[in-house]
Amino acid sequence: MKLCIAEKPSVAKDIAKVLGATTMKNGYWEGNGYWVSWTFGHLCTLKEPADYTDKWKWWDLETLPMLPSKFGIKLIQNSGVEKQFNAIADLVAKCDEVINCGDAGQEGELIQRWVLAKAKLNKPLKRLWISSLTEEAIKEGFQKLEEGSKYDNLYAAGAARAIGDWMLGMNATRLFTLRFADKKQVLSIGRVQTPTLALIVERQIQIDNFVSETYYELKTTYRDVVFSSTKGKFNSKEEGEGILKEIETEEFEIEAFAQNEGKEQPPRLFDLTTLQVDCNRKFGFSAEETLNLIQNLYEQKLTTYPRVDTTYLSEDIYPKVPGILEKLQFYKRFTDKLKGKKIRKSKKVFDDKKVTDHHAIIPTGVTPSGISANHQKVYDMITKRFISVFYPDCKVSNSTVLGFIKEVKFKATGKQILEMGWREVYADISPEEESNEPQKEEQVMPVFVKGEKGPHTPDVQEKHTKPPSYYSEATLLRAMESAGKQVDDDELRDIMKENGIGRPSTRANIIETLFKRNYIARQKKRIIATQTGQHLIFLIENDILKSAELTGQWEKKIRDIERGEYAVETFKAELFDMVNELVHQVKHQKAEPKKIGCPKCSKGHMIRGRSAWGCSDWESGCKFTLPFKFKEITFSDKDMKSLIEEGESHYRFKRIVKKKEELSKVTLNKKLKLEW
Ligand SMILES: [Zn+2]
């Protein structure tokens with residue numbers, strides 16, 4: 001008998017049906033030479049500290065770091081899990097061959113391999129590797145089963161990730177809790193969770209410290225087109241109005257007019273992160289909600305494997321495209337236009353080099369019936385995106401107009417769609433709704449002739465500089481993908497993915513964990529850092545724990561293990577060193593920040609009051625204080641320290657200097673007054 005093990009009962013049932021194993025037994029299906037059993041996600045987990053030695057049973061600084069010389073696994077303690085595991089172990093002992101039918105990804109491989117290791121597998125191992133759960137895909141997969149050993153590196157990478165999370169999480173959580181926590185409080189620290197929190201806290205500080213500046217812009221309207229002065233921003237209204245007076249009565253003259261035709265390609269197909277980002281923007285779904293919806297669509301055979309981080313298809317999908325399009329009957333109004341024509345084959349869609357285990361998320365062609373409204377929204381987004389990549393490019397005309405009045409120059413730009421191309425697929429959605437963010441107004445441009453003149457209506461507009469935006473789940477996912485760097489370009493994003501933090505399939509879970517621990521909170525779509533979250537990040541001096549960039553480098557190593565280009569033993573040895581060093585540093589870190597001496601009397605030190613720091617020697621008459629707030633800037637303890645010790649603030653704040661926005665610092669002058 002051949003034993004198949006799937007990751008979920010429902011998937012086992014689908015596979016059993018295709019194989020003809022139709023008799024239900026206790027914990028498996030039987031028939032046609034097959035047993036088909038299942039796990040419920042993870043049945044095994046890494047052992048806990050106390051399983052290694054009694055010394056690690058209690059939280060104690062003296063027993064840190066905890067570095068097991070060999071990591072072991074154990075069953076998750078739950079009667080249902082134990083029962084199912086026993087059924088599997090029994091079949092493993094009796095069968096001739098095992099076929100690993102786990103979810104075709106790193107986590108799926110780990111779940112199955114741990115169960116098989118625990119069941120002491122000594123039979124040949126095969127692997128079913130499929131990208132969708134349709135009957136056709138399952139049949140095809142069984143016709144070309146792979147050797148189990150082909151995925152040894154994937155298993156190694158999954159195990160390395162789990163060990164890395166254990167080493168850092170277990171040690172750092174105990175370390176910081178024992179060192180800094182109030183009674184009964186646990187300071188939870190995670191390898192990916194904490195740098196993610198640090199990104200949110202950092203942004204929060206920038207926003208809290210932001211001071212808005214007023215500036216003025218000179219504009220004029222000529223033939224219903226708004227032109228902006230090329231002089232840029234003015235600090236004072238008077239300056240703008242002075243120029244306005246000079247040009248008001250004069251005619252506006254066109255200096256140059258240029259129109260260029262351009263093409264806009266269809267947006268890329270979806271990988272998991274982009275899908276989560278777009279669903280958050282458009283429908284306000286959390287990353288976790290979208291993951292659950294798409295996982296469900298996959299299990300209902302409607303879409304392909306979702307936990308992917310590629311936006312490409314392999315070339316062998318190309319001949320299947322007309323067949324899939326044909327089956328999308330609810331989208332006939334769009335697919336009809338592609339019928340009978342050669343299917344477009346763009347390098348932005350088909351590229352074998354950009355596809356490894358799985359391809360981008362696309363519809364399978366199975367027709368949905370009776371799915372919920374939210375499932376329908378996600379399905380619709382994926383299907384429309386799939387159809388649109390076979391449509392022609394959208395043709396646009398970009399215009400630039402230059403004009404002047406006396407010596408003052410003006411400029412305006414505009415865009416016009418000449419041929420809709422792929423935009424036809426989205427024609428029933430307004431651009432606003434499509435992105436759910438205010439679009440930059442693109443003005444439709446009439447034709448101008450050089451030398452033409454006429455009356456115009458100038459005015460001076462008051463504007464205000466804006467603080468950076470709070471993270472939303474959409475922008476946070478993007479920030480995790482690029483390890484905190486702002487990346488707007490698709491090509492660059494592909495490269496950055498290598499060093500992103502977390503895996504696409506685990507990011508939703510990491511964000512949810514931060515919510516559950518009350519380190520972050522939702523305010524509509526905004527993510528804000530709570531006091532508890534901010535406090536935790538302030539306590540952590542060590543960059544290993546909070547730098548997204550450093551975490552991204554570890555992430556890269558795990559990817560290299562998956563490719564067979566990095567040794568697990570080296571990875572573990574480096575982890576050991578890192579944790580050792582961390583424990584040493586934190587054990588000797590001062591619990592309270594060093595006392596900052598009073599700059600006025602040099603006798604007292606700074607203490608926190610209600611609205612300011614003040615001198616501890618106030619009773620002897622020292623009146624020195626430093627307010628928490630200065631011109632709407634809120635200082636942190638770090639700012640206070642650097643103001644007194646270095647004479648300037650730690651953070652830089654945006655302000656307008658000579659019409660330009662620049663980063664500037666607050667200083668404490670020799671007379672001990674704040675200025676900037
Ligand atoms: Zn003093």
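In what order do the 3 strands of the open sheet line up? Let's answer that in the second view below, after a quick look at the whole protein.

**Figure 1. The whole protein in a predicted model.** Start here to get your bearings. The protein is built with 22 helices and 27 strands, and its C-alpha trace spans about 95 × 80 × 40 Å along the principal axes. Of its 676 residues, 35% count as buried. Now take the contacts between residues at least 6 apart in sequence: 71% of them join residues at least 24 apart.

**Figure 2. An open sheet of 3 strands.** Here's the answer to the opening question: the order is 19-20-21, and the pairing is antiparallel. Strand 19 (606-608) and strand 21 (625-627) sit at the edges with a single partner strand each, so one side of each has no neighbour in the sheet. On average, neighbouring strands here are turned by 25° against each other, direction ignored. Zoom in on strand 20, residues 612-615, and you'll find 3 bridges linking it to strand 21 in the antiparallel sense. Across that pairing, Ala-612 stands opposite Pro-627 of strand 21.

**Figure 3. The hairpin of strand 17 and strand 18.** Strand 17 covers residues 520-523, and it pairs with strand 18 in the antiparallel sense over 4 bridges. Look for Ile-520, which stands opposite Ala-529 in strand 18. Between the two strands there are 2 residues, and in this hairpin Lys-524 takes a positive phi near 55°.

**Figure 4. Alternating side chains along strand 18.** Stay with the same hairpin, but follow strand 18 (residues 526-529) by itself. Which of its side chains are buried? Ile-527 and Ala-529 are, and they point to one face. Arg-526 and Ile-528 point to the other face and are not buried.

**Figure 5. The largest nonpolar core.** This core has 123 residues. The ones that touch the most other members are Cys-4, Ile-15, Val-36, Val-115 and Leu-197. Which helix gives the most to the core? That would be helix 6 (residues 152-180), with 13 residues.

**Figure 6. A closer look at Val-115.** Val-115 is one of the core residues that touch the most other members. Leaving out residues up to four places away in sequence, what does Val-115 touch? Its contacts are Thr-39, Leu-43, Cys-44, Phe-85 and Ile-88.

Conventions: Residues numbered from 1 in each chain as written. Predicted model: local features only at pLDDT ≥ 70, side-chain atom pairs only at ≥ 80, totals over all residues. Pairing = 2+ DSSP bridges. Axes fitted to C-alpha atoms, helices over the stretch in contact; angles between N-to-C directions. Buried ≥ 20, exposed ≤ 12 C-beta atoms within 10 Å, placed from the backbone. Contact = placed C-beta atoms within 7 Å. Core = buried A, V, L, I, M, F, W, Y, C linked by C-beta atoms within 7 Å.
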